[in-house]
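Student: Hey, got a minute to walk me through a structure I haven't looked at before? I'd like to get a feel for how its parts fit together.

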Amino acid sequence: MTAAPRTASLERSTSESQISVRVDLDGTGTSQIETGVPFFDHMLTAFARHSLTDLTVNAVGDVHIDVHHTVEDTGILLGQAILEALGDKAGISRYGDALVPLDESLAQAVVDISGRPYLVHSGEPAGFELHLIGGHFTGSMVRHFFEALTLNARLTVHLKLLEGRDPHHIAEAEFKAFARAFREAKALDPLVQGVPSTKGAL
């Protein structure tokens, strides 16, 4: 019996942004990303590659005002697409963890596909949230993106920066650590029968 494809395609349109997202959780990490925010494109590409999630994102937003709306709305829609693609979550590993370096930066992520949205995010140095990365993307958008994604995908995520100095490296290590942990959590485990929860639902 062939498993149902774990894919989803969603659109979201507001006065601030128009976004479409397609995910395939059983992909190879290919991506086509266009958000109007180059550094954010770079981070989403890294997420796709290192989580082995095929990802298409097309976003048009009011980036002439701020990148905030585009980043948040993309996080919302990506989270909703991940939740839909996971389906009933039968057979998944559920938990994943990763420790990922990028030069002087080191980030740790732990993911539980729990059905209970919760984000613990810590360790970024003072001032990181104000730093402009690539001239557009402020450091504060890292947490804001993961808040939106975590809530809408209904994940429990612990994301911690253990070491880091360069803002680009810090953000990229965090995205890659999350990607690797999510890759492990979403993976289908042939030893898991049904939904991996004593409650029978996630």
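Tutor: Sure, let's go through the sheets, then the helices.

Student: Is there anything I should know about where it comes from?

Tutor: Keep in mind that this is a predicted model.

Student: Okay. Let's start at the beginning of the chain: how do S1 and S2 pair?

Tutor: Strand S1 (residues 7–13) and strand S2 (residues 17–24) are antiparallel, with seven bridges between them. They make a hairpin, and three residues sit between the two strands. If you want a spot to look at, find Ala8, which is opposite Val23 in S2.

Student: What sheet do S1 and S2 belong to?

Tutor: An open sheet of four strands, ordered S1-S2-S4-S3, with mixed pairing. S1 and strand S3 (31–34) are the edge strands; each has a single partner strand, so one side of each has no neighbour in the sheet. From one strand to the next, the twist averages 5 degrees.

Student: How many bridges join S2 to S4?

Tutor: Eight, and S2 and strand S4 (residues 54–61) run antiparallel. One place to check is Gln18, which stands opposite Val60 in S4.

Student: Which strands of that sheet does H1 touch?

Tutor: H1 packs on the sheet against S3 and S4, and its direction makes about 160 degrees with that of S3. Helix H2 (residues 68–86) lies across S1, S2 and S4, at about 35 degrees to S2.

Student: And what about H1 and H2 with each other, at what angle do they pack?

Tutor: About 20 degrees, and their axes are 12 Å apart. H1 and H2 are therefore roughly parallel to each other. The crossing of H1 past H2 is right-handed.

Student: Which residues meet there?

Tutor: From H1 you have Phe40, Leu44 and Phe47, and they meet Thr70, Val71, Thr74, Leu78 and Ile82 in H2. Sorted by class, the contact of H1 with H2 has six nonpolar residues, two polar ones and no charged ones.

Student: Switching topic. What's the strand order in the other sheet, the one with S5?

Tutor: The order is S5-S6-S10-S7, so to speak from one edge to the other, in an open sheet of four strands with mixed pairing. Strand S5 (95–102) and strand S7 (118–122) are at the edges with a single partner strand each, so one side of each is left without a neighbour in the sheet. Ignoring direction, neighbouring strands of this sheet are turned by 10 degrees against each other on average.

Student: How do S5 and S6 run relative to each other?

Tutor: S5 and strand S6 (residues 105–112) run antiparallel, joined by eight bridges. Ala98, for example, has Ala109 in S6 as its bridge partner.

Student: Which helices sit on this one?

Tutor: H3 lies across S7 and strand S10 (156–163), running at about 165 degrees to S7. H4 packs on the sheet too, touching S5, S6, S7 and S10, and its direction makes about 150 degrees with that of S5.

Student: So how far apart are the axes of H3 and H4?

Tutor: The axes of helix H3 (residues 140–153) and H4 are 11 Å apart, and the helices pack at about 20 degrees. That angle is why H3 and H4 are roughly parallel to each other. Val142, Phe145, Phe146 and Leu149 of H3 make the contact with Ala171, Glu174, Phe175 and Phe178 of H4. By class, those residues are seven nonpolar, no polar and one charged.

Student: Back to H1 for a sec. At what angle does H1 cross H4?

Tutor: Helix H1 (residues 38–51) and helix H4 (residues 167–186) cross at roughly 30 degrees, and their axes come within 8 Å. That makes H1 roughly parallel to H4. H1 passes H4 in a right-handed crossing.

Student: What kinds of residues are in that contact?

Tutor: The contact of H1 with H4 has nine nonpolar, four polar and five charged residues. Among them are Phe39, His42 and Met43 in H1, and Glu172, Phe175 and Arg183 in H4.

Student: I keep seeing Phe. How many aromatic pairs are there?

Tutor: A search of the whole structure turns up ten aromatic pairs. One of them is Phe40 with Phe145, an edge-to-face pair at 5.5 Å centre to centre with 75 degrees between the planes. That pair links distant parts of the chain, since Phe40 is in helix H1 and Phe145 is in helix H3, 105 residues apart.

Notes:
Residues are numbered from 1 along each chain as its sequence is written. This is a predicted model: local features need pLDDT of at least 70, side-chain atom pairs count only at pLDDT 80 or more; totals for chains, interfaces and linings use all residues. Side-chain values use heavy atoms; hydrogens and water are left out. Axes are lines fitted to C-alpha atoms, for helices over the stretch in contact, and angles run from 0 to 180 degrees between N-to-C directions. Angles under 35 degrees count as roughly parallel, over 145 as roughly antiparallel, 65 to 115 as roughly perpendicular and the rest as oblique. A crossing is left-handed if the near helix is turned anticlockwise from the far one by less than a right angle, and right-handed if clockwise. Contact means heavy atoms within 4.5 Å. Ala, Val, Leu, Ile, Met, Phe, Trp, Tyr, Cys and Pro count as nonpolar, Asp, Glu, Lys and Arg as charged, and the others, Gly among them, as polar. Two strands pair if DSSP finds at least two bridges between them. Rings of Phe, Tyr and Trp (its six-membered ring) pair if their centres lie within 6.5 Å; planes under 30 degrees apart count as stacked, over 60 as edge-to-face and the rest as tilted.
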